Amino acid sequence: MKHTPLLPAIVLGLLLAPPPVVKTQDSEGPPAPADSVCPTIVKRAQWAAAKSTNVTYQLKPVANVIVHHTAGERCTTVAHCKETVRNIQSFHQTQNGWSDIGYNFLISNMHAYEGIGWHRTGAHLRGFNDKSIGVAFVGNFEQERPTARSLNVLARLLECGVELGELTDDYRLYGAQQLQSTKSPGKWLYAKLREFDHWSEEV
């Protein structure tokens with residue numbers, strides 16, 4: 001019996017196979033699973049975070065979420081946002097003398113960025129750090145309005161926290177100005193926070 005050579009078939013298979021996926025420098029990594037409420041979160045390694053000099057863990061689930069703004073310029077591209085987050089961390093560590101970036105998460109127009117992350121005590125609001133998650137929107141929302149997409153990222157991040165057991169089911173959402181004398185998170189962002197189901201008027 002005459003056998004057909006296998007080599008041509010193997011070569012043909014290699015030619016027809018899909019090309020490998022190559023991550024670009026601005027890749028955000030794999031998206032959250034389709035059945036997950038969690039948004040895609042740019043991890044510390046992806047924005048080249050400096051090492052924390054000390055980590056204090058929180059008891060979870062946490063019952064409070066406090067929203068801030070960075071009061072600086074917005075970042076408009078992934079590369080710009082990564083640089084902005086690095087600069088904030090550098091300022092917090094070198095100028096403020098903190099062990100790491102003060103926020104648990106940061107939100108740009110498009111994505112969430114991991115600050116110190118879940119179940120770690122931040123340095124975003126004196127007197128509340130050990131019992132809250134601090135989320136900072138990148139930009140100055142005393143002057144400009146938050147985008148619908150960034151607000152959706154916040155909503156999904158909060159729902160993700162509940163799903164992961166990091167936030168209580170009845171967590172309370174605050175703007176920083178409710179808890180200390182500050183304009184943060186800015187009048188336009190604060191107005192939108194008041195529309196969230198978990199926003200709390202009671203302090």
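This passage walks through the fold of a predicted model, then its sheet, one exposed residue and its two largest pockets.

Start with the overall layout. The protein chain is built from four helices and six strands, and reading from the N terminus the elements come in the order α-β-β-α-β-β-β-α-β-α. Of its 203 residues, 44% count as buried. Contacts reach well along the chain: taking those with a separation of 6 or more, 72% are between residues 24 or more positions apart.

Next comes the sheet. Strands of a sheet pair through backbone hydrogen bonds, and the pairing can be parallel or antiparallel. Here the six strands make an open sheet in the order 1-4-3-5-2-6, and the pairing is mixed. Strand 1 (41-42) and strand 6 (167-175) sit at the edges, each pairing on one side only. At one edge, strand 1 runs parallel to strand 4 (residues 112-114), and two bridges link them; V42 has Y113 of strand 4 as its bridge partner. Helix 2 also packs on the sheet, where it touches strand 1, strand 3 (105-107) and strand 4, and its direction makes about 40° with that of strand 4.

Towards the other edge, strand 2 (62-69) has partners on both sides. It is parallel to strand 6 over five bridges, with N64 matched to R172 in strand 6. Five bridges also join strand 2 to strand 5, again in the parallel sense, and here H68 is matched to A136 in strand 5. Strand 2 is mostly covered, with seven of its eight residues buried. Helix 3 (residues 148-163) takes in the whole run of strands: it lies across strand 1, strand 2, strand 3, strand 4, strand 5 (133-137) and strand 6, and runs at about 145° to strand 6.

Edge strand 6 also holds a residue worth a closer look, D169. Is D169 buried or exposed? It counts as exposed because its relative accessible area is 62%, and the cut-off for exposed is over 50%. D169 still has neighbours: leaving aside residues up to four places away in sequence, it touches V162 and H198. The C-alpha atoms of D169 and E159 are 9.1 Å apart, with the two residues 10 apart in sequence.

That leaves the pockets. Rolling a probe the size of a water molecule over the atoms shows where empty space is left. The largest pocket holds about 370 Å³ of space. Its lining has 19 residues, and H92, W98, Y103, A123 and H124 are the closest to its centre. Which elements give two or more residues to this lining? They are strand 2 and helix 2 (78-94), and helix 2 supplies the largest share, three residues. By type, the lining of the largest pocket comes out as eight nonpolar residues, 10 polar and one charged.

The second largest pocket has about 190 Å³ of space. There are 15 residues in its lining, and those nearest the centre are N54, S99, D100, T121 and G122. The residues of this second lining divide into five nonpolar, seven polar and three charged.

How values were computed:
Residues numbered from 1 in each chain as written. Predicted model: local features only at pLDDT ≥ 70, side-chain atom pairs only at ≥ 80, totals over all residues. Heavy atoms only, no water. 1 Å grid on protein atoms, 1.4 Å probe; cavity = no way out; pocket = protein on both sides within 12 Å on 5 of 7 lines; lining within 4 Å. Points joined across faces, edges and corners; volume = space filled by probe spheres on them. Nonpolar A, V, L, I, M, F, W, Y, C, P; charged D, E, K, R; others polar. Pairing = 2+ DSSP bridges. Contact = heavy atoms within 4.5 Å. Axes fitted to C-alpha atoms, helices over the stretch in contact; angles between N-to-C directions. Buried < 20%, exposed > 50% of the residue type's maximum accessible area, 1.4 Å probe, protein only.
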